[in-house]
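The following explanation is intended to be read with the sequence and the coordinates at hand. Please keep both in view while following the text.

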Amino acid sequence: MTQTQDPASAAVAARGPHATPHGHGGPDAPLTEADFAAMTTEEAMIAAAREDGVILIHRRQRFPVAGTKAEKRAELAVSACFLTGFLAVVAFVVCFVAVPFKYHLPGQGSQAFQYYTPILGACLAVALFAIGIGAVLWAKWLMPEEEAVQDRHDGAADPADSAAMIQTLLAGLEDTGLKRRSMLKVTLGLAGGALAAAPLVSLVGGMIKKPGDAMFTTLWSKNTPMVYDDGRRVSPDDIAPGGITTVFPGVEGGLLASDSPVLLIRLLPGQRVEARENQSGFGWGDYVAYSKICTHAGCPASLYERQTSRLLCPCHQSQFDVLKDAKPVFGPASRSLPKLPIDVETVDGKSYFVSRSDFTEAIGPGFWERP
Ligand code: FES
């Protein structure tokens, strides 16, 4: 069933029982705030539109009789969309915390990490899509149908226009039916609130997934074997004078820990490192070991110039003088590369490098530049 309303008669009706046909001041006088106050919100909106040159071609309520089964079905469908949006945000939060996100070396566990980001994206996409569909269906199925035209005008709005605009917005709010559709109010609140809170999940999830003391230590400790990236142990015989190699802690996860790669350097004959205070015994023979993580911004400082004994970081060209205990001598880095205390153990008659302890200072940039 449809109801249409002639714009002219709508405007007359909009005057309400207490208003004069054209406002308190006579037929041609503009409507005043008192006129608006005497009308219902819808009447005021229609009258205001008329005053502002808006011609209402057509307006009808979707459900002139409130509370019909058809209306309830429409409300239920829209609520289902909002509820789906809410549940998708809940799923997003659960997946953020529960889905495995760590890469494993081949053969060392499931590679479920590759689904982590797509799952999070899918949950948010479903949430946004469901809420969007709900909003569209709400407008199309429940809010009044309306067509209006208006000529564009120049200049700033006068106070009466502003008052009219307020009435229009209020009427729009009333048209949503939020006041009487409590199910929509609840489901929209759930979905909108959950979506607005979704960006906070990284903070909350971060509190659930506590890093412990992982930011203050590395995997190096007393007698941790040094290994290559294929797991073989590192022997002093492997490196020629002036040579350098990247080594890792030979413990579980040692190849993947971003703060643990170490540069093991064999000095040229006759070279000697000016050690920092309390670090004179950190090397072993001609060998010294430094963190590979640049103290400027965390890139791998892995280019070694044998003749000048300088390590170069390719990201912003910081240079570290190995003979000055990896002190920065060029570029933006301001702190020496941390030195790892090393030793050698003998297994089956062959010597292999081990660490004597963890680093005694912080690895990498920024946060770590504290005593
Ligand atoms: S990260 Fe090494 S110089 Fe910037």
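The paragraphs below treat a helix, two sheets, a hairpin and the nonpolar cores in turn. The model is predicted, and local features are discussed for residues with pLDDT of at least 70.

A suitable starting point is helix α7, which comprises residues 182-197. At 1.5 Å a residue, its 16 residues should span 22 Å, and because the end C-alpha atoms are 22 Å apart, the model agrees with this expectation. Which residues of α7 are buried? They are L184, T187, L188, A191 and A194. Around the axis these residues cover an arc of only 140°, and therefore they lie on the same side of α7. The other side of the helix carries the exposed residues S182, G189, G193, A196 and A197. As for packing partners, the buried residues of α7 pack against α4 (69-98) and α5 (116-142).

The chain also forms sheets. One of them is open and antiparallel, with 4 strands in the order β3-β4-β5-β6. Its edge strands are β3 (226-227) and β6 (287-291), each of which pairs on one side only. Strand β5, residues 262-266, is joined to β6 by 5 bridges in the antiparallel sense. Within this pairing, R266 has Y287 of β6 as its bridge partner.

Another open sheet is built from 4 strands in the order β7-β8-β9-β10, again with antiparallel pairing. Here β7 (303-305) and β10 (327-330) stand at the edges; each has a single partner strand, so one side of each is left without a neighbour in the sheet. On average, neighbouring strands of this sheet are turned by 35° against each other, direction ignored. Strand β9, residues 319-321, pairs with β10 over 3 bridges in the antiparallel sense. Two positions illustrate the register: D321 has K327 of β10 as its bridge partner, and F320 stands opposite P328. The hairpin of β9 and β10 has 5 residues between the strands, and D325 in this hairpin takes a positive phi near 65°.

A further hairpin follows. Strand β11, residues 342-347, runs antiparallel to β12, and 6 bridges join the two. In this pair, T346 stands opposite S351 of β12. The hairpin has 2 residues between the strands, and D348 takes a positive phi near 50°.

The nonpolar cores connect several of these elements. In soluble globular proteins, nonpolar side chains tend to be buried together. The largest nonpolar core of this model has 33 residues, and those with the most contacts inside it are V262, L264, A289, Y290, V322, L340 and F353. Strands β4 (244-249), β5, β6 and β12 (350-355) each supply at least two residues of this core. Which strand provides the largest share? That share, 4 residues, comes from β5. The surroundings of L340 show how the core is assembled: leaving aside neighbours within four places in sequence, L340 is in contact with W220, V262, A289, Y290, S291, S355 and F359. Apart from this core lies another, of 20 residues, which includes V89, C123, W138 and A191. The last of these residues leads back to the helix described at the outset, since A191 is among the buried residues of α7, and those buried residues pack against α4 and α5.

Definitions and conventions: Residues numbered from 1 in each chain as written. Predicted model: local features only at pLDDT ≥ 70, side-chain atom pairs only at ≥ 80, totals over all residues. Pairing = 2+ DSSP bridges. Axes fitted to C-alpha atoms, helices over the stretch in contact; angles between N-to-C directions. Expected span 1.5 Å × (residues − 1). Buried ≥ 20, exposed ≤ 12 C-beta atoms within 10 Å, placed from the backbone. Arc of directions from axis to C-beta. Contact = placed C-beta atoms within 7 Å. Core = buried A, V, L, I, M, F, W, Y, C linked by C-beta atoms within 7 Å.
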